[in-house]
Every structure is written in structure tokens, then in C-alpha cells.
Amino acid sequence: MKPFRALLCLPLLLISMTSFAGPAEDANTLIDQWAATYSANDREALVALSAPDAIPLGTTSPVMSEGTEQIRTYFKDLNGSGRKNAIVERRTIILDENAVVSTGFYNFARASEGDVPLPSRFTMLIVQRDGRWTPQHHHSSPKAATRQ
């Protein structure tokens, strides 16, 4: 009878060990995926992560990009470029169960420039639509070396 009781208790034990992700964890998972996809130099996968009406303000862009085609144009040189992105620090603010703002610092590096880290800062608005987390807005800019 003891083995049978143990089998009945096993599902309860497994359920109690399982943690459920919340909005902050889901958004941060997406941001990590964004950085990994950028570092994999996969433009189409990066574009697919964004909402169709997303509005990013890119680090090297003089204009606002809006929507899938403009995002694709902004990242036109990404494939095979050897560019990398590494998140250094971030803070996350939960707006509600479907919207999160994350802000922080990351480093870009380009193989063509000796992989020298280019410190930058970012803010992303991550929203959940139809059960999918996606960047709705992404601002990126160079990080100042000193206080100005």
C-alpha cells in the first residue's frame, strides 16, 4: 500500500515544484530571445519577434521605424554580419498582466570592428497579444561614457 500512496503524492509534489512565469519573466525571456536572435544574425527571425505595428527607435537610425517592413529595412545588413548583443543590466516594470517595460544596458559588438563592445542603453515595451509576448516599442541609444 505504501508504494501506491507514494504514486498518489508524486503529482502533488511535482505541481508544488513547478513555478509559473508571470509577466516580468515572460517579457524578460522575450528580451533574451531578442538578444540571442540578433547575435545569431537572423534578420527574419528578429523581425518576426516584433509586433506588426511595432515602433522601434534604433541605435543607428535617424528615423522612427514603424511596422514590419521598416523593421526589416532597418536590419537589412544583419544577416551574416557577425554582430552580437549582450545584455549587461536591466530593470523590469510590470504595467499590467499584458504589458511590461524593461530598461537597461547592453553591449553591441561588430566582428568588422574587432568585436569591441559598444555600450548602449535600451527600453522595450513588451505586450501580450493573443497569448504571444512581443516588442511593441524598442528604443536604443549609445550609452554616455560620463555624465553630461
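This is a short talk on the fold and the aromatic residues of one protein chain.

Good morning. One caution before we start: this is a predicted model.

Let me begin with the overall layout. The protein chain has four helices and five strands. In what order do they come along the sequence? The pattern reads α-α-α-β-α-β-β-β-β. The chain has 148 residues, and 33% of them count as buried. Its accessible surface comes to about 9,300 Å². Carbon and sulfur atoms hold 59% of that surface. Now the contacts with a separation of 6 or more. Of these, 51% are between residues 24 or more positions apart.

Next, the sheet. It is open, and it is built from five strands. The strand order is 1-5-4-3-2, and the pairing is mixed. Which strands sit at the edges? They are strand 1, residues 55-57, and strand 2, residues 84-96. Each of these pairs on one side only. From one strand to the next, the twist averages 20°.

Look at the pairings in turn. In general, strands of a sheet pair through backbone hydrogen bonds, either parallel or antiparallel. Strand 3 and strand 4 run antiparallel, and 10 bridges join them. Strand 4 covers residues 118-129. Take Asn107 as an example: its bridge partner in strand 4 is Pro119. Strand 4 also pairs with strand 5 in the antiparallel sense, again over 10 bridges. There, Gln128 stands opposite Trp133 of strand 5. Strand 4 and strand 5 make a hairpin, with two residues between them. Please find Asp130 in that turn; its phi is positive, about 50°.

What packs on this sheet? Helix 2 does. The helix touches strand 2, strand 3, strand 4 and strand 5. Its direction makes about 155° with that of strand 2.

Now the aromatic residues. The structure holds seven aromatic pairs. I will show two. The pair of Trp34 and Tyr106 is stacked. The centres are 6.3 Å apart, with 15° between the planes. Why does this pair tie together parts that are 72 residues apart in sequence? Because Trp34 lies in helix 2, residues 23-39, while Tyr106 lies in strand 3, residues 99-109. Both Trp34 and Tyr106 are buried.

The second pair is Tyr74 with Phe75, and this one is edge-to-face. Here the centres are 4.9 Å apart, and the planes make 80°. Are the two residues buried or exposed? Tyr74 has 27% relative accessibility, so it counts as partly exposed. Phe75 has 12%, so Phe75 counts as buried.

Both pairs belong to one aromatic cluster. Its members are Trp34, Tyr38, Tyr74, Phe75, Tyr106, Phe108 and Phe122.

One polar residue deserves a stop here: Asn85, in strand 2. Its relative accessible area is 7%, so Asn85 is buried. What does Asn85 touch, leaving aside residues up to four places away in sequence? The list is Trp34, Ala35, Tyr38, Ser39, Tyr106, Asn107 and Phe108. Several names there are familiar from the cluster, including Trp34, Tyr38, Tyr106 and Phe108.

One last ring. The charged end of Lys143 sits over the ring of Phe105. The distance to the ring centre is 4.0 Å.

To recap: helix 2 packs on the sheet, and the stacked pair of Trp34 and Tyr106 links that helix to strand 3. Thank you.

Note on methods:
Residues numbered from 1 in each chain as written. Predicted model: local features only at pLDDT ≥ 70, side-chain atom pairs only at ≥ 80, totals over all residues. Heavy atoms only, no water. Phe/Tyr/Trp six-rings, centres within 6.5 Å; stacked < 30°, edge-to-face > 60°. Buried < 20%, exposed > 50% of the residue type's maximum accessible area, 1.4 Å probe, protein only. Lys NZ or Arg CZ within 6 Å of the ring centre and 35° of its normal. Pairing = 2+ DSSP bridges. Axes fitted to C-alpha atoms, helices over the stretch in contact; angles between N-to-C directions. Contact = heavy atoms within 4.5 Å. Areas by Shrake-Rupley, 256 points an atom, 1.4 Å probe, with all protein chains shown as cover.
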